[in-house]
Amino acid sequence: MPVSLYDETRIGELLRRLPPAPEGWVRAAQELPLARLGFDDLVRRAEEDTEFRRRLIADLEAALREEGVEPDPALVEALRYRLQP
Amino acid sequence: MARFRVEGECALIPEVMSFEPSDAALVARCRAGDHAAWNELVERFSRYVYAISVQVFRLPHHDAEDIFQEVFARAYQQLDKLRDDEAIRPWLGQLTRRLCIDRLRAAAREAPVEDLEPAGTDDTLAELDEAFAVHEALRSVPEHCREVLDRFFCRDESYATIGAALDLPAGTIASRISRCLARLRDLLEGKKTAASAV
């Protein structure tokens, strides 16, 4: 095993090579599996239908059940994030 | 005791102890439909995928974003086809590389170029692999070290910005960066420092 593969300068250089990806890109990729739960349709409706948006914000889980959608925790969390003002 | 990776340029980098799930464990949980695991997988590899499209292939922002989403969409769809769960990183790297070349090829039909892959592609990819291994080692240092090193080096924040965020004097930030870097170096060299205070 080499005695010193890295000095602090080299470690710093390597850390700099991996800046974070834009937050919105990461979020969108994390939401990919939610498509099968109707996430995109729900977001679109919330953007177009003020009353639906109001119901979602008031009680997300109940509003989803009224729509016949099972309030999967991941879906609820993602919707809650999207509905933030 | 540190173990050693067995692939490419990273072969001499110790695989440090970490309390977080291995890549294989994460992939298995994703395959079982664990959404939290998928969130973590995207988080873990997002910088690597982003860096390949932007630093290696120098794609414009909007193209890089398309590639980024396509890589993770395909990864999600094709996780069942992955033969070695521990090989998720090289698999994502190859997928990103292939999609970037496809994108450049499509653009070249309109404005032909001599070579689709920029000069030094393999060297830059090897550098990113090494950077990824170092970044992975960050997961094994205490949270206060991880945060200060990530903010300073990866996010390019100043001492003042970090100090304001963490409610610490700027001078403390400088010394903490220095100590945490030394700790990370020791970890990469396989020296046991995890239990000692910084």
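Which residues of α2(A) are buried? Keep that in mind while setting up the view.

This is a predicted model, in which local features need pLDDT of at least 70 and side-chain atom pairs count only at pLDDT 80 or more, while totals for chains, interfaces and linings use all residues. Residues are numbered from 1 along each chain as its sequence is written, and chains are lettered from A and ligands numbered from 1 in the order in which they are written.

**Stop 1: colour chain A by confidence.** The mean pLDDT (the predictor's confidence in each residue, from 0 to 100) of chain A is 87, with 94% of its residues at 70 or more. Among the elements of chain A, α2(A) has the highest mean, 95, and helix α6 of chain A (residues 73-82) the lowest, 86.

**Stop 2: select residues 23-30 of chain A.** This is α2(A); helices are DSSP runs of H or I with at least four residues, strands are runs of E with at least two, and both are numbered from the N terminus. Val26(A), Ala29(A) and Gln30(A) are its buried residues, where buried means that 20 or more other C-beta atoms, placed from the backbone, lie within 10 Å of the residue's own. They lie on the same side of α2(A), because they cover an arc of only 100 degrees around the axis, taken from the directions from the helix axis to the C-beta atoms. Now add residues 35-56 and 61-78 of chain B: these are α2 and α3 of chain B, against which the buried residues of α2(A) pack.

**Stop 3: show both sides of the contact.** Chain A gives 24 residues and chain B gives 35, a contact being two residues whose C-beta atoms, placed from the backbone, lie within 7 Å. On the side of chain A, α1(A) gives the most, with six residues.

**Stop 4: select residues 8-16 of chain A and 143-154 of chain B.** These helices, α1(A) and α6(B), pack at about 75 degrees with axes 8 Å apart; the axes are lines fitted to C-alpha atoms over the stretch in contact, and angles run from 0 to 180 degrees between N-to-C directions. The two helices are therefore roughly perpendicular, a term for angles of 65 to 115 degrees. Gly12(A), Leu15(A) and Arg16(A) meet Leu149(B), Phe153(B) and Cys154(B) here.

**Stop 5: show the whole of chain B.** It has eight helices and two strands, in the order β-β-α-α-α-α-α-α-α-α along the sequence. Of the 198 residues in chain B, 34% are buried.

Methods: Parallel < 35°, antiparallel > 145°, perpendicular 65-115°, else oblique. Buried ≥ 20, exposed ≤ 12 C-beta atoms within 10 Å, placed from the backbone.
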